[in-house]
Amino acid sequence: RGSNDAVHKSFSEVGSAVVPLLLRLLERCESGSMRNADVSIMNITKVLLYFSRVQKIRLPLVRHQGLLTALVRVATSILNVDSRVVRMRVMANLANAEVNRVTMCEHAGLIESLVKV
């Protein structure tokens, strides 16, 4: 795990290209069409967790199309316990940015998925 400055720099340089790719791969893994999907799910979720830990990245991260939908799947996807916990930590980190709270609460199914877990 890199420092906050290093993670912020990485996100600034490649985040807009990498996050959509990670989200598409995450969806593919969750569909069950990949071997060793649980390992890939955990690794992708950890990358999102590392991004979400940096305050300056939280707002642009939430704005990525598909991120909140991926977080909604915390309750509906077949995930191992560790992946589910890490994904919940991503949600908690993103909600720590006050500007994200309304967006997250208004996203269809996000609060309901938290209650299910």
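These are numbered notes on helix packing, a buried arginine, two exposed residues and the cysteines of a predicted model.

1. **Packing of α1 and α3.** Two packed helices are described by the angle between their axes and the distance between the axes. Here helix α1 spans residues 4–30 and helix α3 spans residues 55–62. Their axes lie 10 Å apart and meet at an angle of about 10 degrees. That makes α1 roughly parallel to α3, because angles under 35 degrees count as roughly parallel.

2. **Who makes that contact.** From α1 come Val7, His8, Phe11 and Val19. From α3 come Lys56, Ile57, Pro60 and Leu61. By class, six residues of this contact are nonpolar, one is polar and one is charged. The charged one is Lys56, since Lys counts as charged. His8 is the polar one, because His is listed neither as nonpolar nor as charged.

3. **Arg73.** Is this loop residue buried or exposed? Arg73 sits in the loop between α4 (67–72) and α5 (81–95). Its relative accessibility is 16%, so Arg73 counts as buried, the cut-off being under 20%. The side chain of Arg73 makes a polar contact of 2.3 Å with the side chain of Glu30. Setting aside neighbours within four places in sequence, Arg73 touches Leu26, Glu27, Glu30, Leu79 and Arg87. Glu30 thus appears both in the list of contacts and as the polar partner.

4. **Lys9.** Lys9 belongs to helix α1. With a relative accessible area of 51%, Lys9 is exposed, as the cut-off is over 50%. How far from Asn96 is the C-alpha atom of Lys9? The separation is 21 Å, for two residues 87 apart along the chain.

5. **Asn36.** Check the backbone here. Most residues other than glycine have a negative phi. Asn36 is not a glycine, yet its phi is positive, at about 55 degrees. Asn36 lies in the loop between α1 and α2 (37–52). Asn36 is also exposed, with a relative accessible area of 54%.

6. **Cysteines.** How many disulfides does the model hold? The count comes to zero. A disulfide is a covalent bond between the sulfur atoms of two cysteines. The rule asks for a pair of cysteine sulfur atoms within 2.5 Å, so no pair in the model meets that limit. Cys29 is buried, at 3% relative accessible area. Cys105 is exposed, at 51% relative accessibility.

Technical notes:
Residues are numbered from 1 along each chain as its sequence is written. This is a predicted model: local features need pLDDT of at least 70, side-chain atom pairs count only at pLDDT 80 or more; totals for chains, interfaces and linings use all residues. Side-chain values use heavy atoms; hydrogens and water are left out. Buried means under 20% relative accessible area, exposed over 50%, partly exposed in between (1.4 Å probe, protein chains only). Axes are lines fitted to C-alpha atoms, for helices over the stretch in contact, and angles run from 0 to 180 degrees between N-to-C directions. Helices (H or I, at least four residues) and strands (E, at least two) are DSSP runs, numbered from the N terminus. Angles under 35 degrees count as roughly parallel, over 145 as roughly antiparallel, 65 to 115 as roughly perpendicular and the rest as oblique. Contact means heavy atoms within 4.5 Å. A polar contact is a pair of N or O atoms within 3.5 Å; within protein, one must be able to donate a hydrogen and the other to accept it, and residues adjacent in sequence count only if both atoms are side-chain atoms.
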